[in-house]
Amino acid sequence: MPTLRDVARLAGFSTATVSHVINGSKGVKSDTRERVESAIAQLGFVPDAVGRSLARKRNAAALVLPRKAFVESDSDQSLDSSVSPASVSSIDSARTMLRIVHAAQPISRADLARRLKINRSTVTEIVKPLLASGALCEAAPERGSAGRIGRPPIGLSLCGDRTLFIGVNIGVRRTQVGAAATDGRLLADEAFDTPADADASLARISSIIERLQESMPERTLISVGVTVPGPTDAERKELLFAPHLGWREVRIAETLNKESKQRGKNFNVPVIVDNDATAAAMYEARRHLRNGAPLGSNDFVLVRAGTGIGVGLVLGGEVYRGAGTDCGLLGEFGHMTIVAGGKQCACGNRGCWELYASATSAASLYAGDRASARGHRSPRFVEVVARAEAGELRAQATLARIGGYLGIGISNVITGLGVSRVVVSGRIVHGWKFVQQSLREAVAGSMVGRLSNWSVEQGQPTGAGLGGALEVAIEHYLTGLAESTRAAA
Ligand SMILES: [Zn+2]
């Protein structure tokens, strides 16, 4: 996490001067202000008290008042007294605006105003300091495309020539590391089989990050997003428990920075650790924004079924992580009991949902208990799907059974959360044709299925893993930029 001191060092001023700029004190010279704002934007710096209270409020108020959470949350005593409700709400607008730019760039000011339902003059106000600091550009973004015919679109984009974000998706089977520009476009990536040992895995990740960084010397690494198959701590620095990997309390952010320091190649940037289903929900939310979904119509539950099952929740455009000390446990529906006294799960419980409805469970159900007792390898999920496609009844019946279990869990999720729009993503989507009917029947047969206007959509089979990790890194940067607009106001 960059500090006030880092901003001061980069801008070449004292921390007192930086504080004056952040607090909007009068008497700060305009070129001083610009240099400090540019440093804040580059580092993605978030002033402490505000950042913390915003994060908490987003969690606490989202379930009740997702769209008004920022405006109506001024009664908290711990909120920095210099932040009026109006400026908190403008930070919120700036952040939402930056997310739309990130998802739909290049986008014109008129389009932004229309989608945010605010005046163009307000857009101009928000955009001004971001253009001045060089975080946003307003021009044709595709400079390199000489072969283009006609005039390129003019609009606002996040300047992406100099910045670099790294996403790390630690999966149960494979780990992917990718580098991207501010639009989420992948510049390079590497993957390897996830080692059983957490430290070995992090050492490998750290060396890949360095290699990616060195291969693009013209870019500055801004932040690293790491996604994990399990719950994280409230600060999003540690993985608490990944049942299938057997990892407990892994200090990911600290270890990655320490690794790079030991090799004398300190990347020293914020490392944000998030649950993979939550990150996949952020990725899906960006896809919705890119496709022009109106703000506020985007409450949905993302069910990600692959090796396990994870659930992410998006309310009013924000991912919801739960509140209090248990935040981060919200995505763990995969470990809710669906069969009393059922199969033994790696998490310590019996009968967990993901043992009956994930892609991996489909493969082992297909092979049958006897095959696994004899030590035979289960076919991969895609092989089961291929056999179903070829007309094999046993494979088709297996997928239909998985769909039924998936539907039971989904109706439980809809019942529990009161959000009736569900997007299913992950490897299970490869078998959607054979899964969806029994899934829908199971939801339709539940009480909530009969009472509510539910929908279950098919999402992306792949891409949300690494895409989600990059989204975590970029979202951190956008939050810092939105904060810098308050400093400039
Ligand atoms: Zn479990």
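This text walks through two sheets, the helix that touches both, a hairpin and a nonpolar core.

The model is predicted. Start with the sheet whose five strands run in the order E5-E4-E3-E6-E9. This sheet is open, and its pairing is mixed. Strand E5 (186–193) and strand E9 (271–275) form the edges. Each of these two pairs on one side only. From one strand to the next, the twist averages 15 degrees.

Now look at one edge. Strand E4 (residues 174–180) and E5 run antiparallel, joined by seven bridges. One pair to find is arginine 174 with its bridge partner in E5, aspartate 193.

Helices pack on this sheet. Helix H8 (residues 198–215) lies across strand E3 (163–170), E4, E5 and strand E6 (220–228). H8 runs at about 25 degrees to E4. Helix H10 (residues 276–290) touches E3, E6 and E9. The direction of H10 makes about 95 degrees with that of E9.

Move on to another open sheet of five strands. The order here is E12-E11-E10-E13-E14, again with mixed pairing. Strand E12 (318–320) and strand E14 (455–458) are the edge strands, each pairing on one side only. Neighbouring strands are turned by 30 degrees against each other on average, direction ignored. At the E14 edge, strand E13 (residues 421–425) pairs with E14 in the parallel sense, over four bridges. Valine 424 stands opposite glutamine 458 in E14.

H10 appears here too. This helix packs on the sheet and touches strand E10 (300–305), strand E11 (309–315), E12 and E13. Its direction makes about 45 degrees with that of E11.

Next comes a hairpin. Strand E7 (residues 239–242) and strand E8 (residues 247–250) run antiparallel, with three bridges between them. Leucine 239 has valine 250 in E8 as its bridge partner. Four residues separate E7 and E8 in the hairpin. In the turn, glycine 246 has a positive phi of about 70 degrees.

Finally, turn to the core. In soluble globular proteins, nonpolar side chains tend to be buried together. The largest nonpolar core in this model has 125 residues. Which members touch the most others? They are Ile166 and Ala473. Helix H17 (residues 464–488) gives the most to this core, with eleven residues. Follow isoleucine 166 outward, leaving aside its neighbours within four places in sequence. Isoleucine 166 is in contact with Val177, Ala179, Ile209, Leu212, Leu221, Val224 and Ala473. So the list of contacts includes Ala473, a residue that shares the top place in the core with Ile166.

Notes:
Residues are numbered from 1 along each chain as its sequence is written. This is a predicted model: local features need pLDDT of at least 70, side-chain atom pairs count only at pLDDT 80 or more; totals for chains, interfaces and linings use all residues. Two strands pair if DSSP finds at least two bridges between them. A nonpolar core is a set of buried Ala, Val, Leu, Ile, Met, Phe, Trp, Tyr and Cys residues joined through C-beta atoms within 7 Å. A residue is buried if 20 or more other C-beta atoms lie within 10 Å of its own, exposed if 12 or fewer, and partly exposed in between; C-beta atoms are placed from the backbone. Two residues are in contact if their C-beta atoms, placed from the backbone, lie within 7 Å. Axes are lines fitted to C-alpha atoms, for helices over the stretch in contact, and angles run from 0 to 180 degrees between N-to-C directions.
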